[in-house]
Amino acid sequence: VLPEVCALAATEATEEEIAQLKQLAAEYIDLYAGMSDATWESDDPAGTATREVTSAAFAELISAVFGATHNAMWQLLIQPILRLRSMRNWDTGDAELPPDLFMVMEEHWVHTMVEAIAGGDAQAARDTMTQLMRLPQEAETAMRSTPIGEKPHIRVNQPPSTDN
């Protein structure tokens with residue numbers, strides 16, 4: 001869905017909407033960056049509240065992408081689509097990974113999406129998002145075997161790269 005939505009948004013978004021997408025992306029990334037590993041797994045109210053605020057910022061960004069299509073169908077479908085999305089638990093085992101790797105990956109994903117839309121080229125946005133949405137086979141398998149609404153536990157040797 002997202003490659004097609006971004007393709008349409010690339011041709012339909014106004015300059016004001018592009019500026020809004022960039023602002024929402026920056027706000028989401030700031031919130032995401034402020035979360036620690038402990039926050040992701042915490043059951044305490046503060047951790048839950050932080051996750052909810054961060055998830056709401058992501059939902060606002062994606063809703064704005066769907067809104068930038070100026071397509072009534074996409075605008076109606078965004079809420080049900082967002083309810084299907086869940087966070088992912090990447091289990092890298094004992095691998096030595098840079099502490100900010102997932103932050104870099106999330107920032108890359110969000111900024112690449114926004115820049116693809118800002119570029120104004122539908123096919124380029126579609127191609128960029130298709131590439132960006134690819135996951136390792138382990139992730140696809142884990143996600144397909146996890147019931148909707150539950151967080152998939154994805155065991156991978158290396159997390160997805162930020163290379164396009």
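Glu140 and Arg144 form a salt bridge in which the closest N and O atoms are 3.9 Å apart. This is a predicted model, and the distance falls within the 4 Å that the salt-bridge criterion allows. Both residues belong to helix α8, which covers residues 137-144, and they sit four residues apart, about one turn of the helix. Glu140 is partly exposed, with a relative accessibility of 29%. Arg144 counts as exposed, because its relative accessibility of 69% lies over the 50% limit.

A search of the whole structure gives two salt bridges. The other pair is Arg126 with Glu4, whose closest N and O atoms are 2.8 Å apart. This pair links distant parts of the chain, since Arg126 is in helix α7 and Glu4 in helix α1, 122 residues apart. Arg126 has a relative accessible area of 23% and is therefore partly exposed. Glu4 is also partly exposed, at 40%.

These helices belong to a protein with eight helices and two strands. Read from the N terminus, the order of the elements is α-α-α-α-α-β-α-α-α-β. One strand thus stands between the fifth and sixth helices, and the other ends the series. Of contacts between residues at least 6 apart in sequence, 76% join residues at least 24 apart. The protein has 164 residues, and 37% of them are buried. The protein exposes about 9,400 Å², of which carbon and sulfur atoms supply 52%.

The interior can be followed through the largest nonpolar core, which has 31 residues. Leu21, Leu61, Trp109, Met113 and Ile117 are the members that touch the most other members. At least two residues of this core come from each of α1 (2-12), α2 (15-33), α4 (45-67), α5 (72-84), α6 (101-118) and α7 (122-133). Helices α1 and α7, which contribute to the core, are also the two that the salt bridge between Glu4 and Arg126 links.

Leu61 shows how such contacts are distributed. Leaving aside residues up to four places away in sequence, Leu61 touches Leu21, Leu24, Ala25, Val110, Met113 and Val114. Leu21 and Met113, both in this set of contacts, are also among the core residues that touch the most other members.

Aromatic rings give another view of the structure. A pair of aromatic rings is described by the distance of the centres and the angle of the planes. Four aromatic pairs are counted. In one of them, the rings of Tyr28 and Tyr32 have their centres 5.8 Å apart and their planes at 55 degrees, so the pair is tilted. The angle lies between the limits of 30 degrees for stacked and 60 degrees for edge-to-face pairs. Tyr28 and Tyr32 both lie in helix α2, four residues apart, about one turn of the helix. Both tyrosines are buried. Together with Phe58 and Trp109, Tyr28 and Tyr32 form one aromatic cluster. Trp109 therefore appears in two settings, in this cluster and among the core residues with the most contacts to other members.

A last feature concerns the backbone. His70 has a positive phi of about 60 degrees, although His70 is not a glycine. The residue is found in the loop between α4 and α5. With a relative accessible area of 45%, His70 is partly exposed.

Methods
Residues are numbered from 1 along each chain as its sequence is written. This is a predicted model: local features need pLDDT of at least 70, side-chain atom pairs count only at pLDDT 80 or more; totals for chains, interfaces and linings use all residues. Side-chain values use heavy atoms; hydrogens and water are left out. Buried means under 20% relative accessible area, exposed over 50%, partly exposed in between (1.4 Å probe, protein chains only). Contact means heavy atoms within 4.5 Å. Accessible areas come from the Shrake-Rupley method with a 1.4 Å probe; for residues, only the protein chains shown count as cover. A nonpolar core is a set of buried Ala, Val, Leu, Ile, Met, Phe, Trp, Tyr and Cys residues joined through side-chain atoms within 4.5 Å. A salt bridge is a side-chain nitrogen of Lys or Arg within 4 Å of a carboxyl oxygen of Asp or Glu. Rings of Phe, Tyr and Trp (its six-membered ring) pair if their centres lie within 6.5 Å; planes under 30 degrees apart count as stacked, over 60 as edge-to-face and the rest as tilted.
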